[in-house]
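User: I have a structure open and would like to go through its helices and strands. Could we take them one at a time?

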Amino acid sequence: MARCVCIHGHFYQPPRENPWLELVEIQESAAPWHDWNDRITAECYHRNTASRILDEKGNIRKICNNYSLISFNMGPTLLSWLKEKAPRAYRGVVDADVLGRERFSGHGTALAQVYSHMILPLANRRDKSTQVKWGIADFKSHFGRMPEGMWLAETAVDTETLETLAENGILFTILAPKQASEVRRLNDASSVWRDVKWEKIDTGQAYLCNLPSKKKIVLFFYDGALSQSIAFGGLLNDGGLYARQLIDAKPDSGSPSLSHVATDGESYGHHHKHGDMALAYCLEIIENGNEATLTIYGEFLEKNPPQWEVRIVEDSSWSCAHGVERWKSDCGCSIGTPGYHQKWRAPLRAALDWLRDKLISLFEREGAKYLKTPWEARDDYIEVILDRSRGTVEGWLGAHAARPLTEEEKTRVLKLLECQRSAILMYTSCGWFFDEISGLEAVQILRYAARAIYLARELTGLDFEIEFVRLLEKAPSNVRELTNGKRVYDLLVKSAQVSFERLAAHYGMVSLFPDFSPEFPARLSEGCWTVTGKTAVSENAPGVPGSRAFTAGEVEISSSVTWEKKRFLFAANYRADTSVVCGVAPDAEGTRKQLLGDVQALRGLFTAPNDEKMVAAFGHRLFSLRHTLRDAQRNLLEKLLKHDVLRIEASLREIVHDYDGLFEFLSVLDINAPAVIRSAAGIALTADVVHALEAEIPNIEAVRRHMIRARQRNIALDNEQIGLALSAWTIREMTKIHESPTEPARIERLRDVLSLFLDEFKWQMDIYEIQNLCHATRNKLRAGHTEAREAFLRLGKTLRFAPEALN
């Protein structure tokens with residue numbers, strides 16, 4: 001079949017980790033999810049591994065992995081997060097590439113991506129090279145093969161970028177049609193260059209780009225108008241129409257022709273709800289029809305080598321009408337926040353460029369003391385980033401160290417390379433893409449800059465922060481209270497820094513709550529840090545079960561990234577309510593005797609009428625609850641307030657009980673109770689439902705009774721709170737069924753709870769993950785378990801499966 005169709009999805013999230021912790025902290029704007037990676041995974045990345053196709057009744061008739069039938073790239077920083085935090089989604093992505101190789105003549109569906117989404121035309125040659133090398137190495141670590149193609153951040157391109165791709169073995173990349181300048185027929189002496197600017201290029205074929213170095217690379221130019229319709233034109237509202245548009249985009253001329261589109265992968269589920277389902281249905285229509293053949297770029301290229309040569313528009317991209325100005329100036333390209341300018345972009349880039357150049361000199365000077373070739377060592381440092389184990393790091397050091405290194409020198413080398421890694425990550429394109437310098441993305445790249453500055457200061461004593469912040473002062477903020485980039489840096493960037501002392505205090509305050517973590521108190525892991533400790537003294541806190549009034553002891557803090565280690569002594573005191581204070585001091589013999597030698601005197605420091613004695617003992621190394629790490633803050637506050645919450649719930653329950661007669665009387669008259677009484681009743685009934693769902697075996701009749709009472713009395717329940725408890729219980733039960741699907745009673749119990757909410761009360765809940773587990777369980781039901789199988793099929797019906805989907 002001559003007419004071919006290829007859909008490409010660019011799936012990507014910027015690095016969101018706190019650079020001091022190497023973990024993503026809670027992001028309130030993503031609620032009720034923990035962070036934006038978590039949210040978009042639930043809405044998009046995971047859904048495309050198991051997308052639904054429904055029958056005419058709205059039941060699931062098929063679940064399919066979209067990644068196995070489309071071309072896609074998934075950013076390295078996102079893939080590494082998925083591997084750790086969303087392993088089922090990660091496994092689906094990796095498996096899809098294997099399925100793709102079986103389907104598309106040995107060509108996998110996955111493409112690589114430049115490592116941290118840097119705008120390569122604005123990068124120096126050395127950074128271009130590292131971005132490509134790291135991107136390839138990361139891809140190989142996940143997919144087990146060399147990538148054929150590589151996605152460029154924002155498809156931003158210049159000739160030097162293409163040279164870098166070609167010299168690293170990349171066969172092709174994908175660009176926007178407006179990035180083509182001229183074409184001419186290959187192997188035809190009479191052919192002349194023809195202008196194809198302004199999207200006049202025929203996107204239905206591959207093009208060869210001959211480079212100044214004599215190397216070559218193939219370029220595909222996607223269908224711009226159709227891609228725009230997918231991303232912004234509502235085409236994902238109808239999977240059938242989507243398929244029709246793809247098929248009809250190129251006439252069936254009898255010769256090979258490629259209809260292909262490229263958009264952000266987040267279109268399929270995050271930007272457009274159920275976009276993954278539209279994609280799945282579109283793929284099924286094309287796959288089962290006879291009008292076009294599904295393909296991917298590697299397979300199409302193998303079967304249809306380029307017949308034309310192309311020249312590119314230098315310094316161009318897919319998301320800026322002015323080339324690559326969006327990442328260095330107030331060019332007018334923005335997401336359209338009313339009244340906002342982007343005059344901050346140029347000063348932000350100038351500040352980062354200044355810092356980068358200072359760090360280059362530092363790296364070359366300091367690196368030469370320990371490394372054979374510092375820049376080659378940086379290119380290979382991706383091995384360490386991917387695997388922080390001692391053996392891998394020692395292997396990398398053995399390959400690149402100029403001589404045997406002491407442990408202290410190894411730490412210095414690792415700090416040097418981490419300084420360079422931060423200098424790379426601070427150029428993530430999202431920092432400029434949006435409208436305000438105080439936005440999440442711009443703050444994130446500034447945090448990487450701050451981390452690089454911090455490491456440079458530790459290594460050499462040089463302080464680049466003063467000049468860097470002076471340069472940021474020239475970057476005006478749109479938020480009046482923030483004024484400029486300097487204030488953004490002071491308020492939003494520096495607050496993310498985590499010192500050894502703060503980690504020691506974090507451990508000390510957490511030690512007041514021994515059930516904080518399964519490994520606690522012997523060990524506490526926070527991102528790249530391991531805190532091991534020993535509590536020498538503790539006193540229980542009256543009135544707060546499971547907590548202590550006072551603890552003191554010692555901790556050792558070690559980094560898996562730089563191999564640093566430090567020891568501290570701590571003393572923590574819980575006064576009342578949310579008043580928690582902790583003092584820390586370096587673990588020296590004299591300090592140990594002074595602090596831990598006289599426990600009563602140490603305890604007395606915290607009961608004194610003022611803080612003078614504490615300051616005298618600990619200096620200014622005193623910390624409060626706000627200094628605990630962000631995720632722990634919420635956990636600790638819940639523990640501190642749990643007793644109060646239960647007491648308030650009980651009080652409200654008694655009050656509501658006193659008004660039972662009134663509720664009955666008013667419901668007969670069809671009159672609502674006063675808002676304040678209904679509000680109290682809503683809190684009490686919500687708590688009753690949640691507590692019932694937190695039990696190992698919920699009292700279904702009690703839940704039904706509470707729900708009916710709320711409905712009859714027109715009492716609003718907290719749907720989000722109940723939904724979280726319901727989701728947690730149902731997923732936990734479905735997981736147990738998946739592991740051992742032979743207990744009909746457990747299966748029926750889950751079905752009863754789901755039926756109560758979904759059918760009886762028409763509850764709007766997300767059953768996606770439960771459906772996935774149910775579908776994955778269908779092949780585990782063995783002969784001889786007839787009762788369990790019948791119960792399972794009834795459960796499947798409740799979960800909206802068509803019978804054939806579970807057979």
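**Helices and a sheet**

Analyst: Helix α16 covers residues 440-460, and at 1.5 Å a residue its 21 residues should span 30 Å (1.5 Å times one less than the number of residues). The end C-alpha atoms are 30 Å apart, which agrees. Helices (H or I, at least four residues) and strands (E, at least two) are DSSP runs, numbered from the N terminus.

User: What kind of model is this?

Analyst: This is a predicted model, in which local features need pLDDT of at least 70 and side-chain atom pairs count only at pLDDT 80 or more, while totals for chains, interfaces and linings use all residues. Residues are numbered from 1 along each chain as its sequence is written, and side-chain values use heavy atoms, with hydrogens and water left out.

User: How many residues of α16 are buried?

Analyst: In α16, 17 of the 21 residues are buried, so the helix is largely enclosed by the rest of the structure. Buried means under 20% relative accessible area, exposed over 50%, and partly exposed in between (1.4 Å probe, protein chains only).

User: What comes just after α16?

Analyst: Gly461 follows, with a positive phi of about 85 degrees.

User: Changing topic: what is the strand order in the open sheet of six strands?

Analyst: The order is β15-β16-β17-β18-β19-β20, with antiparallel pairing; two strands pair if DSSP finds at least two bridges between them. β15 (523-526) and β20 (622-624) stand at the edges with a single partner strand each, so one side of each has no neighbour in the sheet.

User: How many bridges join β16 and β17?

Analyst: Eleven bridges join β16 (residues 529-540) and β17 (residues 548-559) in the antiparallel sense. Asn540 has Arg548 of β17 as its bridge partner.

User: And Glu43, is that buried or exposed?

Analyst: Glu43 is buried, with a relative accessible area of 16%, and lies in helix α1 (residues 36-45). Leaving aside residues up to four places away in sequence, Glu43 touches Trp33, Tyr268, Gly269 and His270; contact means heavy atoms within 4.5 Å.

User: Last one: at what angle do α27 and α28 cross?

Analyst: The axes of α27 (residues 719-739) and α28 (residues 744-760) cross at roughly 155 degrees and come within 10 Å. Axes are lines fitted to C-alpha atoms, for helices over the stretch in contact, and angles run from 0 to 180 degrees between N-to-C directions. That makes α27 roughly antiparallel to α28 (under 35 degrees is roughly parallel, over 145 roughly antiparallel, 65 to 115 roughly perpendicular, the rest oblique).
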